[in-house]
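Q: I'm new to this structure and would like to go through it with you, one piece at a time. Could you put it up first?

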Amino acid sequence: MSGSIRDRLRRFTTSVEQADGLSPAQKATILQGYEEALGSEAPPRLVLIGEAGVGKSTTVNALFNAGQEVGHSKATTDRAWTIPVREVSGSNGTLEVVDMPGLGDDVANYRPYLDLYRKILPTADAVVWIHPAEDRMMHLVQQALADLFGPRPELVGRLVFGLNKADEIGPHDWNTRANLPSELQRAALREREAEFTASITRVLPAWRGRAVSYAARQFYNLTALFKEMMYAVPEERRWVLEQRMDLADFTALVDGKLLRAATATTLAEIPVADPRPPAPPQTPQDTREQPGPRPPRSVADALNGLSDAQWRELHADRARFEEFVRRVERGDGR
């Protein structure tokens, strides 16, 4: 739920609870009806586009803790000519997910698929187009975008482009302990995002988003992808999507020892709160230098101030005894 909408809802609830002219029963009735109205809001509908095996189901699972079946060697998409709308149960509520067939599976299917897409796309809250991060073949994507969104520019704002499988981009040296891309991979991903974004805007100049690289299997950069989805969803429906959000935690795949070390370092950088009450401010008298012990007034006083052990030590060393006497006579103390 966006901050502004959440604030409005909170203010409404508070105003009802604090209303003087309503009885407790009336307040309860209003708030119950309000909760029911929120619950009756249609779930967010996501239309997923991408070739088989690109990780559409894995992406939904990682974003919403949905537990969808994930295919590995073959598509989980139903390739029938009618596209089923699946209700997917996430940990924070249901979603409607439309897993579109891949446009590039056969040239004979391209035009019939376009017709299906044109029926489905206007019903989406967000259209999530998933592409392998390392795949630089853009011709089919650009052609399909021009065919689908050129005649429907009002739908361009709902487009989100995710570059999945960031962990597989060259030079293929993903840091498995930290569950993060290497420096070279990070640079390659930044370059890939910029290239992909430029490729999209060449055919859809009105699109204002940016391609986001992520790795659904590694739970990497899911926040950035979800943020782009929030921008794409019509404003009045953003709270419905945010309400379902349950991003997988990438630290769950970080090496335990490394995570503990990083946590310890972070904690060490935070000053520990002192449980003692703060000291009162010092008065001018407190800040004055405290006087040291008064020097003995005579050699006899100095000798009387020594312990037996000190006296025996001093008595055994003539040179030290003479020095002791001189200092007492000068008033230097012992």
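A: What follows is a walk through strands, cores, helices and salt bridges in this model, which is a predicted one.

Q: Let's start with the strands. Which strand does β1 pair with, and in which sense, parallel or antiparallel?

A: β1 pairs with β4 in the parallel sense, and four bridges link the two. Within that pairing, I49 stands opposite W129 of β4.

Q: And how many bridges join β4 to β5?

A: Six bridges join β4 to β5, which covers residues 159–164, and these strands run parallel. Here W129 turns up again, standing opposite F161 in β5. Between the two strands the chain passes through helix α5, residues 139–149, and the β-α-β crossover made in this way is right-handed.

Q: Is β4 mostly covered or mostly open?

A: Strand β4, residues 126–132, is mostly covered, with six of its seven residues buried.

Q: W129 keeps coming up, so what does W129 touch?

A: Leaving out residues up to four places away in sequence, W129 touches I49, L103, V141, A144, L145, F149, L159, V160, F161 and G162. I49 and F161 in that list are also residues that stand opposite W129, I49 in the pairing of β1 with β4 and F161 in β5.

Q: Which residues have the most contacts inside the largest nonpolar core?

A: Those are W129 and F149, in a core that has 40 residues. At least two residues of this core come from each of β1, α4, β4, α5, β5 and α6, and α4 gives the most, with six residues.

Q: What else is there by way of a core?

A: There is a second, separate core of 27 residues, and L48, A66, L225 and V233 are among its members.

Q: Switching to helices, how many residues of α3 are buried?

A: Nine of the nine residues of helix α3, which spans residues 56–64, are buried, and the helix is described as mostly covered on that basis. The buried residues include K56, S57, T58, T59 and N61 alongside V60, A62, L63 and F64.

Q: What comes after α3?

A: N65 follows α3, and the phi of N65 is positive, near 50°.

Q: What about E193, buried or exposed?

A: E193, which lies in helix α6, residues 183–203, is buried, with a relative accessible area of 15%. Setting aside neighbours within four places in sequence, E193 is in contact with L163, R210, A211, V212 and S213.

Q: And A28, where is that found?

A: A28 is found in helix α2 and is partly exposed, at a relative accessible area of 46%. A28 lies eleven residues from E17 in sequence, and the C-alpha atoms of the two are 8.6 Å apart in space.

Q: Now salt bridges: how many does a search of the whole structure find?

A: The search finds 14 salt bridges. One of them links R237 with E41, where the closest N and O atoms are 2.9 Å apart.

Q: Why does the pair of R237 and E41 tie together parts of the chain far along the sequence from each other, 196 residues apart?

A: R237 sits in the loop between α7 (222–232) and α8 (238–244), while E41 sits in the loop between α2 (24–39) and β1 (45–49), so the bridge ties together parts that are 196 residues apart in sequence. R237 is buried, with a relative accessible area of 14%, whereas E41 is partly exposed, at 29%.

Q: What about R86, which residue does R86 bridge to?

A: R86 forms a salt bridge with D99, and the closest N and O atoms are 3.7 Å apart. R86 lies in strand β2 (residues 86–90) and D99 in strand β3 (residues 93–99), so this pair ties together parts that are 13 residues apart in sequence. R86 is partly exposed, with a relative accessible area of 29%, and D99 is buried, at 7%.

Q: One more: where do R118 and D115 lie?

A: Both lie in helix α4, residues 110–120, three residues apart, which is about one turn of the helix. They form a salt bridge whose closest N and O atoms are 3.4 Å apart. R118 is partly exposed, with a relative accessible area of 38%, and D115 is also partly exposed, at 42%.

Q: Which residues are joined into one network by salt bridges that share partners?

A: E41, D125 and R237 are joined in that way.

Technical notes: Residues numbered from 1 in each chain as written. Predicted model: local features only at pLDDT ≥ 70, side-chain atom pairs only at ≥ 80, totals over all residues. Heavy atoms only, no water. Salt bridge = Lys/Arg side-chain N within 4 Å of Asp/Glu carboxyl O. Buried < 20%, exposed > 50% of the residue type's maximum accessible area, 1.4 Å probe, protein only. Contact = heavy atoms within 4.5 Å. Pairing = 2+ DSSP bridges. Right-handed = clockwise from strand over helix to strand, strands pointing away. Core = buried A, V, L, I, M, F, W, Y, C linked by side-chain atoms within 4.5 Å.
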